[in-house]
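Work through the three exercises below with the model open. Try each task before reading its solution.

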Amino acid sequence: IYNVTFGADLTNFVRQGNTRGLFEGKGVVSVLTGEPEYLDPLGDETPKGWIVTGYPVDSVSDPANKAFIDAYKAKYNELPKMGSVVGYALINSIVAGIKKTGSVNPEKMADGFAGATFATPFGSANGRAIDHQSTLGTYVGKTALKDGKPTMVDWRYVDGANALPSDAEVKKMRPA
């Protein structure tokens, strides 16, 4: 099994790996490669069956994602990328922190992020009270070609709240 991290030239890495048979008969886990920013440039060289995290923008259909995708496409005439999702979630988290405290004072805002709920294309998320970590999750699936285009298949959404360490674990890691 290979664990592949994306880099500045994922396309070249995949091309060279495919040419040399590097991936034949091996499982590959590649964090972030399922994001449209990294998947789209692979085109028809997209490896099949890699386990990836990403954003299956071409196949999600829940209301929050659909509304985000439709609005983004109407404004920019293309499908959103994962960076668009993260930016949207970030701005909404900042607004939630400001609304919670009624202040733009940095110390008050920092306190306001604890437990603040905010909208994302993936549904509601929040900043955990114990460590302010966002509960925004991710999609996990496999790479594939569909109608000649790279995509994620067999995906599922993993809620960040279920993937983060428990409050007890955080207290052990941060005893002060």
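## Exercise 1: strand pairing

In this predicted model, eight bridges join E6 to E7, and the two strands run antiparallel.

Task: Find what links E6 to E7, and name the bridge partners of Thr 143 and Gly 54.

Solution.
- Step 1. E6 and E7 form a hairpin, with two residues between them.
- Step 2. Look at the turn: Asp 147 has a positive phi of about 55°.
- Step 3. Thr 143 has its bridge partner, Met 152, in E7.
- Step 4. E6 also pairs with E3 (residues 51-54), antiparallel, over four bridges. Here Gly 54 is partnered by Tyr 139 of E6.

## Exercise 2: two helices

Task: Classify the crossing of H4 (residues 82-101) and H5 (residues 106-113).

Solution.
- Step 1. The two axes come within 8 Å and cross at roughly 105°.
- Step 2. Angles of 65 to 115 degrees count as roughly perpendicular, so H4 is roughly perpendicular to H5.
- Step 3. List the contact: H4 gives Ser 93, Ile 94, Gly 97, Ile 98, Lys 100 and Thr 101, while H5 gives Lys 108, Met 109, Asp 111, Gly 112 and Phe 113.
- Step 4. Sort these residues by class: four are nonpolar, four polar and three charged.

## Exercise 3: the largest pocket

Task: Describe the lining of the largest pocket, which has a volume of about 350 Å³.

Solution.
- Step 1. Start at the centre: of the 19 lining residues, Asp 58, Leu 79, Lys 149, Pro 150 and Thr 151 are the closest to it.
- Step 2. Assign elements: H2 (36-39) and E7 (149-158) each supply at least two lining residues. E7 gives the largest share, five residues.
- Step 3. Sort the lining by class: ten residues are nonpolar, three polar and six charged.

How values were computed
Residues are numbered from 1 along each chain as its sequence is written. This is a predicted model: local features need pLDDT of at least 70, side-chain atom pairs count only at pLDDT 80 or more; totals for chains, interfaces and linings use all residues. Side-chain values use heavy atoms; hydrogens and water are left out. On a 1 Å grid over the protein atoms alone, a cavity is a set of points where a 1.4 Å probe fits but cannot get out, and a pocket is an open set with protein on both sides within 12 Å along at least five of seven lines; lining residues have an atom within 4 Å of a point. Ala, Val, Leu, Ile, Met, Phe, Trp, Tyr, Cys and Pro count as nonpolar, Asp, Glu, Lys and Arg as charged, and the others, Gly among them, as polar. Axes are lines fitted to C-alpha atoms, for helices over the stretch in contact, and angles run from 0 to 180 degrees between N-to-C directions. Angles under 35 degrees count as roughly parallel, over 145 as roughly antiparallel, 65 to 115 as roughly perpendicular and the rest as oblique. Contact means heavy atoms within 4.5 Å. Two strands pair if DSSP finds at least two bridges between them.
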